[in-house]
Amino acid sequence: MGWIPTNLLNMKNRFRKTVIFLASMILMSMSASLSTKASLGVSPISSVPYTLSLIPGTMSFGMWTFTFNFLLFLGGIAVMRHNYKPFYALSVIFVMVFSYMCDVFLIVFESICPTDYLAKWVIEIISVILLALGIALSIASSVSMLPGDFFVRFLACVKDWNFGHTKIGFDVACIMTSILISASFLPEISGIKEGTILFIIAVGPMINLFIRIMHRTGFMGWIGYEPIEIKIVPKGE
C-alpha cells in the first residue's frame, strides 16, 4: 500500500477508528437498555441513572445517563486540573450518542418482558456479553472513552492508585448511591440485584478475552490500535 498517500491513509484509519468506536457505543447502550428488561439488576455505572429514572416524574434513563456522565466529566476536570487536555472532552460528544441510544433501545426492547427466571438470566448474560464486547471495541479503537471510564483512569493516575482497585471502589460507590436513592424515593431497592454481581465479576475477564481474540486475529493491527495515555505532570514543570 505504499502508493497511497500518508495523509489519505491517516484519514482512512481515523474514519475506521471512529466507526468502530460508534459501534462500541451502540453495543454498550444496547446492553444497558436490555439489562433493564431482565429485571435482575444493571451494571454498577448504569445503576445510578437507571434508579433515578424510576422515580415518577423525572427524566428518562438516557437523559439521566447523560446527566450522570456529565457530572463525572466535570469531576474528571477537577481531578486532572492543569493536566486536563481538550482531547478528553470528546467523551461528552460520544456520551450524547450513548445516552440517546439507551432511550432508543428501551423503545426497541419494549416488548421484551420475560417472566421466566431462566429467560431473565439469558437476557442478563447477553447484556453482559454486549457490554464486554462494546468496551473491548472502544479500547481497540483508541478514539476516546466515556466520562465514567475517564474519571476512574484519572483518579487512579493522579492518586497513583491501582486501577483495578479504583474501579472496584467506583463500582461500590455507584451501587451504594443507587441503594440510597431507592431507599429514599422508591418502594423497593431497584437496579441492584443478583445480575449486578454477574456484571461485576464477568465483564472484566470477558473484555480481556475479546482483546486477546482481537490481537490474535489481527484486528488490533488492522484498526491501528494505540492505547490512550493519561499523562500526569506536576504543576510548574
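## The largest cavity

By class, the residues lining the largest cavity comprise six nonpolar, two polar and no charged residues. The model described here is a predicted one. It holds one cavity of 30 Å³ or more, and the space in the largest cavity is about 30 Å³. The residues around this space are Leu72, Phe73, Gly76, Tyr84, Ser91, Pro147, Phe150 and Phe154. Two elements, α3 (61-80) and α6 (147-159), each give two or more residues to this lining.

## The largest pocket

The largest pocket has a volume of about 1,100 Å³. It is lined by 45 residues, of which Ile135, Asp149, Phe163, Lys167 and Ile207 are the closest to its centre. Several helices give two or more residues each to this lining: α1 (6-38), α2 (44-53), α3, α5 (117-141), α6, α7 (163-185) and α8. The most comes from α7, which gives eight residues.

In terms of class, the pocket lining has 27 nonpolar, 13 polar and five charged residues. Charged residues are thus present in the lining of the pocket, whereas the lining of the largest cavity has none.

## Nonpolar cores

In soluble globular proteins, nonpolar side chains tend to be buried together. In this model, the largest nonpolar core contains 39 residues, and the members that touch the most other members are Met25, Met28, Phe98, Val203, Ile207 and Met214. The elements giving two or more residues to this core are α1, α4 (90-108), α5, α8 and α9 (219-223). Helix α5 supplies the largest share, nine residues.

A second core, separate from this one, has 24 residues, including Trp64, Tyr84, Phe150 and Leu186. Tyr84 and Phe150 also belong to the lining of the largest cavity. In the largest core, Val203 offers an example of the contacts involved: leaving aside residues up to four places away in sequence, Val203 touches Val128, Leu131, Ala132, Ile135 and Leu198. Ile135 is also among the residues closest to the centre of the largest pocket.

## Helix α2 and a buried threonine

Helix α2 is largely enclosed by the rest of the structure, because nine of its 10 residues are buried. The buried residues of α2 are Pro44, Ser46, Ser47, Val48, Pro49, Tyr50, Thr51, Leu52 and Ser53.

One residue of α2, Pro44, is in contact with Thr196. Thr196 lies in helix α8 (residues 194-216). With a relative accessible area of 2%, Thr196 falls under the 20% limit and therefore counts as buried. Apart from residues up to four places away in sequence, Thr196 touches Leu40, Gly41, Val42, Pro44, Glu124, Ile175 and Gly191.

## Aromatic pairs

The whole structure contains 15 aromatic pairs. One of them joins Tyr50 and Phe61 in an edge-to-face arrangement, with 5.8 Å from centre to centre and 80 degrees between the planes. Tyr50 belongs to helix α2 and Phe61 to helix α3, so this pair ties together parts that are 11 residues apart in sequence. Both Tyr50 and Phe61 are buried.

A second example is the pair of Phe219 and Trp222, which is tilted because the planes stand at 40 degrees, with the ring centres 5.6 Å apart. Both residues lie in helix α9, three residues apart, about one turn of the helix. An α-helix has 3.6 residues a turn, so residues three or four places apart point the same way. Phe219 is partly exposed, at a relative accessible area of 21%, and Trp222 is partly exposed as well, at 43%. Ring pairs also link Phe66, Phe70, Phe73, Tyr84, Phe87, Tyr88, Phe150 and Phe154 into a cluster. Phe73, Tyr84, Phe150 and Phe154 are also found in the lining of the largest cavity.

## Positive phi angles in two loops

Arg81 is not a glycine, yet it has a positive phi of about 55 degrees. This residue is located in the loop between α3 and α4. Its relative accessibility is 66%, and Arg81 therefore counts as exposed.

Asp160, likewise a residue other than glycine, has a positive phi near 60 degrees. Asp160 is located in the loop between α6 and α7. At 70% relative accessibility, Asp160 counts as exposed.

Note on methods. Residues numbered from 1 in each chain as written. Heavy atoms only, no water. 1 Å grid on protein atoms, 1.4 Å probe; cavity = no way out; pocket = protein on both sides within 12 Å on 5 of 7 lines; lining within 4 Å. Points joined across faces, edges and corners; volume = space filled by probe spheres on them. Helix = DSSP H or I, 4+ residues; strand = E, 2+ residues; numbered from the N terminus. Nonpolar A, V, L, I, M, F, W, Y, C, P; charged D, E, K, R; others polar. Buried < 20%, exposed > 50% of the residue type's maximum accessible area, 1.4 Å probe, protein only. Contact = heavy atoms within 4.5 Å. Core = buried A, V, L, I, M, F, W, Y, C linked by side-chain atoms within 4.5 Å. Phe/Tyr/Trp six-rings, centres within 6.5 Å; stacked < 30°, edge-to-face > 60°.
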